[in-house]
Amino acid sequence: MNKNKPLCIAEWQVFGIDDIKAVMAENNSEKAQKIFDELKNFADEKGNHIFLNSYGKNRLKARNYVGLIQTKSGFCLEILPKTFRLVNENEGFKKHQDKINKAKDLLLKMLKTLKNLPFKQSHIANLKTQNAPLLEIFVMMFLNEVEMLIKKGLKSNYLEREQNRKFLKGRLLFSQNLKHNFAHKERFFTASDEFTPNIAPNKLIKSTLLLLSTHHFSVKTNARIAQSRFIFNEIIPSQNYDKDFAKCENLRHVKDYELLLLWCKIFLKKQTFTAYQGSQTAFALLFDMNKLFESFVAWHLKRYVAHEQCKYEVKIQDTDKHLLLENDKENKFRIRPDIVGYKNNKANFIADTKWKILNFSRNDYGVSQSDLYQVFAYLSKYQC
């Protein structure tokens with residue numbers, strides 16, 4: 001059992017070996033150095049500078065991506081929204097557990113608004129998440145879906161199975177029969193349709209459960225994984241993830257597995273909001289905070305408009321306009337406002353989301369001039 005607590009930091013926070021050591025169960029400088037080196041190797045991989053940066057000697061700095069990075073040794077770094085950090089961004093949350101809990105709750109609420117990921121229907125509010133690591137929270141969501149499927153019953157299907165049998169069953173495969181049974185006339189190499197639970201979705205879930213059983217979670221979560229593995233004991237694990245995910249698209253009853261398959265893609269294929277590189281990482285789940293905030297605002301705005309029956313049509317990332325028209329024919333430089341509200345087929349309002357903490361001690365509140373130019377261009381072209 002891994003007794004180390006996750007290191008919770010805010011976006012843009014600087015951290016080092018001492019911060020890692022502070023959350024470790026035992027004060028071991030050598031292990032802390034090893035964990036830091038694993039995280040630095042991840043940061044140094046090509047393309048991963050957008051997640052973590054080297055910041056002087058033995059220091060790393062998070063950027064505007066939130067989520068978690070778990071190293072091969074099992075240590076977990078959690079990067080949370082900067083909203084509740086201390087005034088000095090390099091200090092992050094320090095030991096303010098209440099700020100960490102608020103930031104984690106905000107992140108989970110934002111994740112519920114994402115499309116094509118399984119967070120929104122996983123009843124996040126019902127999970128006791130205050131002190132649980134993020135990775136364990138995601139695993140609990142997955143297990144909730146697995147247990148719901150078990151209650152309904154695992155699906156089965158007719159699959160063709162080739163086997164060398166002592167009796168004739170199904171279709172005789174002449175070439176294989178000659179090859180295998182030339183000296184065994186009492187045997188028959190045949191192909192037959194068999195009703196079996198060993199279908200692609202069940203195989204992928206079994207593989208995910210096997211993968212999660214190698215991680216270190218709380219006693220209760222480990223027990224839930226073991227119980228689910230017992231139900232899937234007779235299922236053969238997937239030998240080819242891509243092939244089995246492709247098979248799932250053609251199955252009639254895959255609808256019962258939709259959320260579970262999304263979770264399987266996250267855990268097995270690391271198919272998340274953002275791609276990352278590196279072999280030093282056991283698992284990473286990272287989200288661009290700017291895109292996450294845009295999704296969060298758009299989701300709430302659409303919900304408000306629908307609830308108030310305002311007769312608005314809200315479009316996200318609208319692409320109807322361009323900045324320039326060349327020779328009165330060709331449009332160039334497409335503009336893409338985050339949110340456009342239409343009423344009677346005319347743009348009524350435009351919103352551009354910026355994930356920034358405002359500074360009310362400044363005359364401009366910390367809003368950049370380029371942000372205002374951007375909004376002005378939108379308003380001008382949409383005549384809004």
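Let me start at the N-terminal end of helix H8, which is capped by Asn-240, with one of its side-chain oxygens placed 3.3 Å from the backbone nitrogen of Asp-242. Please keep in mind throughout that what we have on the screen is a predicted model.

Staying with H8, which covers residues 241-248, the residues that are buried are Asp-244, Phe-245 and Cys-248. If we look down the axis of H8, these buried residues fall within an arc of 100°, so they line one face of the helix. As for what that face meets, the buried residues of H8 pack against two other helices, namely H6 and H9, the latter running over 258-269.

That brings me to H6, and to the loop that joins strand E9 (188-196) to H6, since this loop is where Asn-198 is found. Is Asn-198 buried or exposed? Its relative accessibility is 16%, and because buried means under 20% relative accessible area, Asn-198 counts as buried. The side chain of Asn-198 also has a partner, in that it reaches the backbone nitrogen of Ile-236 at a distance of 2.7 Å.

H6 turns up again when we come to the cavities. With the cut-off set at 30 Å³ or more, the count comes to 1 cavity, and the volume of the largest cavity is about 40 Å³. Which residues line the largest cavity? They are Leu-135, Val-139, Leu-211, Leu-212, His-215, Phe-217, Phe-267 and Phe-283. Two helices, H4 (134-152) and H6 (200-212), each contribute at least two residues to this lining. Sorted by class, the lining of the largest cavity consists of 7 nonpolar residues and 1 polar residue, with no charged residues.

For the last part, I would like to move to strand E1, residues 7-10, and to Ala-10, which is found in that strand. Ala-10 has a relative accessible area of 0%, and is therefore buried. Which residues is Ala-10 in contact with, once its neighbours within four places in sequence are left aside? The contacts of Ala-10 are then with Ala-62, Ile-79, Leu-80, Lys-82, Arg-85, Gly-92 and Phe-93. For one of these, Phe-93, we also have the separation: Ala-10 and Phe-93 are 83 residues apart in sequence, while from C-alpha to C-alpha they are 6.6 Å apart in space.

To go back over the helices, then, H8 packs its buried residues against H6 and H9, and H6, together with H4, supplies at least two residues of the lining of the largest cavity.

Conventions:
Residues are numbered from 1 along each chain as its sequence is written. This is a predicted model: local features need pLDDT of at least 70, side-chain atom pairs count only at pLDDT 80 or more; totals for chains, interfaces and linings use all residues. Side-chain values use heavy atoms; hydrogens and water are left out. On a 1 Å grid over the protein atoms alone, a cavity is a set of points where a 1.4 Å probe fits but cannot get out, and a pocket is an open set with protein on both sides within 12 Å along at least five of seven lines; lining residues have an atom within 4 Å of a point. Grid points are joined across faces, edges and corners, and a volume is the space filled by probe spheres set on the points. Helices (H or I, at least four residues) and strands (E, at least two) are DSSP runs, numbered from the N terminus. Ala, Val, Leu, Ile, Met, Phe, Trp, Tyr, Cys and Pro count as nonpolar, Asp, Glu, Lys and Arg as charged, and the others, Gly among them, as polar. Buried means under 20% relative accessible area, exposed over 50%, partly exposed in between (1.4 Å probe, protein chains only). The arc is that of the directions from the helix axis to the C-beta atoms. Contact means heavy atoms within 4.5 Å. A polar contact is a pair of N or O atoms within 3.5 Å; within protein, one must be able to donate a hydrogen and the other to accept it, and residues adjacent in sequence count only if both atoms are side-chain atoms.
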